[in-house]
Amino acid sequence: MAGYKERKELQRDLDYIRETFYPKWDKKREWKIQRVWHLPFEGKYEVKSKRILIRNVLEDKDEFYKLLIHEVCHSVAFHHGKKFTNRLLKAKEKAEQTGQKELALKLGKDIESYDPDKRQIIGATDIYNRIGEIVVDAPQVSWANLLKFLSRENAMYPEEFLKKFKKAKNLKKKGGFIAFDKMRRVCGPSTCQKKDLF
Ligand SMILES: [Zn+2]
């Protein structure tokens with residue numbers, strides 16, 4: 001659910017997050033928050049311009065705070081690694097102390113989802129397998145639509161996605177989709193070896 005807030009109100013939310021959860025972060029108050037309608041995901045952060053970007057103002061306050069906390073954590077820890085989850089944990093404890101049970105619960109779930117023992121690692125192989133799945137389901141999918149879909153699914157802009165998964169581009173060059181489809185028809189989806197094509 002999305003709502004609307006003036007920029008000032010959004011900035012007040014960010015101030016609240018800073019003061020309550022991370023008082024040592026951004027002491028000069030340089031970080032700003034901005035709504036960007038075309039964001040590929042709910043939230044993003046830009047170190048260079050010191051901006052937290054959000055696609056929507058989430059109506060569920062705890063959900064919205066969780067999103068802001070997540071992006072603020074990213075401003076100092078780029079990956080969902082130990083440094084990142086430690087910071088989330090700090091916010092979770094603070095949420096408990098300040099009686100924000102729902103928020104603490106949500107943050108706890110997030111922390112768990114980044115546990116390397118439990119989480120699904122999204123790497124190149126996952127992506128190429130995912131391409132295989134999509135192509136089996138929709139062999140006629142155009143490269144442009146596939147790219148749009150995949151990058152959105154992975155919270156990236158298409159350019160970022162192609163940069164990260166270089167082979168995805170090669171796949172287009174090689175006409176991989178046509179080859180994959182032919183193979184699917186010959187041997188059936190269950191016996192196809194996706195890796196043969198990627
Ligand atoms: Zn993240």
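**Notebook: strands, helix H2 and the core**

I opened with strand E3, which has a covered face made of Gly43 and Tyr45 and an uncovered face made of Lys44 and Glu46. A reminder to myself before going on: this is a predicted model.

**Entry 1: the E3 and E4 hairpin**

I looked next at E4 and found a covered face, Ile52 and Ile54, and an uncovered one, Arg51 and Leu53. My note on the pattern: side chains in a regular strand alternate between the two faces of the sheet.

How do E3 and E4 run relative to each other, parallel or antiparallel? They run antiparallel, and four bridges join them. I checked two of the facing pairs. Lys44 stands opposite Leu53 of E4, and Glu46 stands opposite Arg51 of E4. Lys44 and Glu46 belong to the uncovered face of E3, and Leu53 and Arg51 to the uncovered face of E4.

I then followed the turn. Four residues lie between the strands of this hairpin, and Lys50 takes a positive phi near 50° there.

**Entry 2: the sheet**

I moved on to the other partner of E4. Strand E2 (residues 32-35) pairs with E4 in the parallel sense, over four bridges. For facing residues I noted Ile33 opposite Ile52 in E4, and Arg35 with Ile54 as its bridge partner in E4. Ile52 and Ile54 are the covered face of E4.

What is the strand order in this sheet? I read E2-E4-E3, an open sheet of three strands with mixed pairing. E2 and E3 stand at the edges with a single partner strand each, so one side of each has no neighbour in the sheet. From one strand to the next the twist averages 25°.

Two helices lie across these strands. H1 lies across E2 and E4 and runs at about 135° to E2. H2 lies across E3 and E4 and runs at about 30° to E3.

**Entry 3: helix H2**

I stayed with H2 for a while. H2 has 14 residues, and its first and last C-alpha atoms are 20 Å apart, close to the 20 Å expected at 1.5 Å a residue.

Is H2 mostly covered or uncovered? It is mostly covered, with 10 of its 14 residues buried. The buried ones are Phe64, Tyr65, Lys66, Leu67, Leu68, Ile69, His70, Glu71, Val72 and Cys73. I was pleased to find charged names in there too, Lys66 and Glu71 among them.

What do the buried residues of H2 pack against? My list has three helices, H1 (7-21), H3 (82-97) and H4 (101-113), and three strands, E3 (43-46), E4 (51-54) and E5 (57-58).

**Entry 4: Ile69 and Leu68**

I picked Ile69 for a closer look; it lies in H2, which spans residues 61-74. Why does Ile69 count as buried? It has 26 C-beta neighbours inside 10 Å, and 20 or more are enough for that label.

Leaving aside neighbours within four places in sequence, I found Ile69 in contact with Ile17, Phe21, Leu88, Ala91 and Leu107. I also checked one pair by C-alpha: Ile69 and Phe21 are 48 residues apart along the chain, and their C-alpha atoms are separated by 8.1 Å.

For Leu68, with the same neighbours left aside, the contacts are Asp13, Leu14, Ile17 and Ile52. Ile17 is therefore on both lists, that of Ile69 and that of Leu68, each list taking a contact as C-beta atoms within 7 Å.

**Entry 5: the core**

Which residues touch the most other members of the largest nonpolar core? I noted Ile52, Leu68, Ile69 and Leu107, out of 20 residues in this core. H1, E4, H2, H3 and H4 each supply at least two of its residues. The largest share, seven residues, comes from H2. A general point that I jotted beside this: nonpolar side chains tend to be buried together in soluble globular proteins.

**Entry 6: the whole chain**

Last, I stepped back. I counted nine helices and five strands in the chain. Of its 198 residues, 20% count as buried. Among contacts between residues at least 6 apart in sequence, 49% join residues at least 24 apart.

Methods: Residues numbered from 1 in each chain as written. Predicted model: local features only at pLDDT ≥ 70, side-chain atom pairs only at ≥ 80, totals over all residues. Buried ≥ 20, exposed ≤ 12 C-beta atoms within 10 Å, placed from the backbone. Expected span 1.5 Å × (residues − 1). Pairing = 2+ DSSP bridges. Core = buried A, V, L, I, M, F, W, Y, C linked by C-beta atoms within 7 Å. Axes fitted to C-alpha atoms, helices over the stretch in contact; angles between N-to-C directions.
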